[in-house]
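Work through the following exercises slowly, keeping the structure in view, and try each task before you read its solution.

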Amino acid sequence: MQSSPESTPHFKLGQRVHSAGDPGRIGTVRYLGPVEGYSGTWVGVDWDNKDGKHDGSVNGVNYFQATSQASASFVRPHNLSSGISFLQALELRYRGQTTQEEEDEMYVLSASNKRVSVELVGKEQIQDKLSCFEELTSASTSYLGVSSPGDPCEIGAVVPNLKELDLTGNLISEWKDVGTICEQLPDLVALNLSYNLMSDDIVGLPPLKSIRILVLNNVGINWTQVEVLKHSLPAIEELHLMANHISTIKPASSSIVQGFDNLRLLNLDDNCITDWNEILKLSQLPSLEQLHLNNNNLNNVFYPDAGVMLELLNGHESHEKGYKAFQNLRCLLLGGNNIKDPSSIDALNSFPQLADVRLSGNPVADPGQGGTPRFVLVARLGKVEMLNGSEITSRERKESEIRYVRLVMSKHENIQEIKLLHPRFAELKALHGIEDEKPLAGGAGPQKMATGLLSVTLKCVGASMGEKPSLVKKLPGTTTVGKLKILCESFFKLKSMKLKLFLQEEGSPLPMLLDDEMESLTGLGIGNESTILVDEES
């Protein structure tokens with residue numbers, strides 16, 4: 001291992017830098033000094049985008065350990081930049097020469113909420129430009145290599161009315177620099193620091209009394225640091241913490257997260273949380289309305305009973321006051337997890353205010369993985385008004401619940417088993433006045449057949465089938481998928497063609513493949529006025 005000096009005239013270990021001429025290619029300095037076999041001084045950089053040449057070793061000599069096998073490279077100092085100040089970035093973004101395409105895309109909102117064209121700002125005299133800067137309420141210096149605030153006194157003078165600031169993808173790493181910028185912008189309510197690798201030590205950060213929205217996606221923060229950060233965020237309403245490899249929620253001084261009294265939205269998408277018990281530590285946030293947990297690795301959801309809450313709170317004030325878990329939560333996004341058990345779906349009914357749920361991308365909601373189709377999810381979720389981003393209409397809910405009841409009746413006979421596996425079955429059966437199917441006596445065969453008929457619309461969608469009008473057919477609920485394929489060949493005069501059928505459901509972005517040829521229409525939950533698409537095997 002080669003030894004290296006701690007610094008050179010321009011760079012130091014741990015410093016954030018970008019390629020000269022390309023502020024979007026960002027990395028961290030991991031080595032400074034000579035490289036065996038090459039003259040002069042080199043800077044070893046570990047690139048954020050993994051676009052390097054090696055892992056910190058060259059010709060068998062290890063100079064530093066990169067984050068991946070090909071994320072590092074050695075660069076001459078003159079080919080790197082240590083960045084510019086925030087004020088310089090404002091000048092560059094809003095007063096520099098731009099292409100016509102950039103000018104068409106770039107504008108800011110004035111204090112009167114009108115678009116102010118960047119092109120006009122760039123073409124006026126200096127004094128006119130300054131007066132326009134004073135009008136700015138929203139600005140972005142994303143991916144411009146910002147590494148420092150610049151002269152603090154000038155920030156407030158140049159953009160005194162700034163309310164929204166986007167600093168995504170820069171070289172900022174010290175929290176004190178963030179504090180310096182925010183202190184000079186008393187009206188700032190929204191700040192985006194995503195893709196800045198922030199320091200582990202949150203020091204020098206004053207209270208950010210006006211910040212209501214803070215975006216910290218992919219900044220390397222953990223929950224222990226969030227607990228420190230919250231003391232500087234007394235008014236925070238939205239906190240975005242996507243893609244920070246967070247796996248545990250570690251409250252500072254108790255078993256549950258406290259503070260954040262005004263927090264309405266917490267975004268933990270794209271993290272590494274696997275245990276729902278970690279999420280329960282957030283259950284006493286008093287104002288929490290939206291919780292985003294997409295693309296973690298959660299495998300179940302449950303609503304805590306009194307015993308669980310007693311153990312969790314352990315004498316905390318919330319328990320003494322009788323606060324319910326997630327008492328104000330209206331939106332819970334769980335897409336892209338590993339939830340398999342239908343009981344997790346049923347548990348969502350216990351959340352007092354829950355109305356908006358995302359479950360797409362979970363095995364339990366994917367019929368292709370043995371999960372349930374949308375109509376079953378709608379029926380099992382009694383209070384939900386929005387599912388997977390699509391509104392549940394009153395018509396869809398009624399039809400889904402009726403189909404669900406008939407589906408359960410076709411698959412189960414044991415009452416106790418139904419109560420255990422389908423908690424809403426009895427309620428829905430009574431609500432919609434659905435009677436148990438009983439065999440009819442004597443010569444009532446045709447009548448029995450008539451009561452079991454389903455009106456189904458069949459649509460040909462295969463590319464080589466030609467334009468064929470849709471057909472409405474009355475079919476017995478006992479008709480199997482395999483039998484229906486044979487009937488479709490006859491109905492549409494499709495010879496020597498292998499068919500596949502899809503159920504088109506209201507509210508579902510994609511039709512559901514009917515691939516079990518032995519399953520009946522009733523067994524699939526297909527009800528009256530359903531639409532089945534007839535396609536050809538590719």
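Axes are lines fitted to C-alpha atoms, for helices over the stretch in contact, and angles run from 0 to 180 degrees between N-to-C directions. The model you are looking at is a predicted one.

**Exercise 1.** Describe the protein chain as a whole, beginning with its secondary structure.

*Solution.* Start with the elements: the secondary structure comes to 17 helices and 27 strands. Turn next to burial, where 47% of the 538 residues count as buried, a residue being buried when its relative accessible area is under 20%. Finally, consider the contacts with a separation of 6 or more, of which 69% are made by residues 24 or more positions apart.

**Exercise 2.** Work out which strands stand at the edges of the open sheet of 5 strands, and state how its neighbouring strands are turned.

*Solution.* First write down the order, which is β24-β23-β27-β25-β26, with mixed pairing. Because β24 (471-476) and β26 (512-514) each have a single partner strand, they stand at the edges, and one side of each is left without a neighbour in the sheet. Then add the geometry: neighbouring strands of this sheet are turned by 35 degrees against each other on average, direction ignored.

**Exercise 3.** In what sense do β23 and β27 pair, and which strands does helix α17 lie across?

*Solution.* Begin with the pair: β23 (residues 453-460) and β27 (residues 530-536) run in the parallel sense and are joined over 5 bridges, and C460 stands opposite V534 in β27. Then move to α17 (residues 481-491), which lies across β23, β24, β25 (499-504), β26 and β27, and whose direction makes an angle of about 105 degrees with β25.

Technical notes
Residues numbered from 1 in each chain as written. Predicted model: local features only at pLDDT ≥ 70, side-chain atom pairs only at ≥ 80, totals over all residues. Heavy atoms only, no water. Pairing = 2+ DSSP bridges. Helix = DSSP H or I, 4+ residues; strand = E, 2+ residues; numbered from the N terminus. Contact = heavy atoms within 4.5 Å. Buried < 20%, exposed > 50% of the residue type's maximum accessible area, 1.4 Å probe, protein only.
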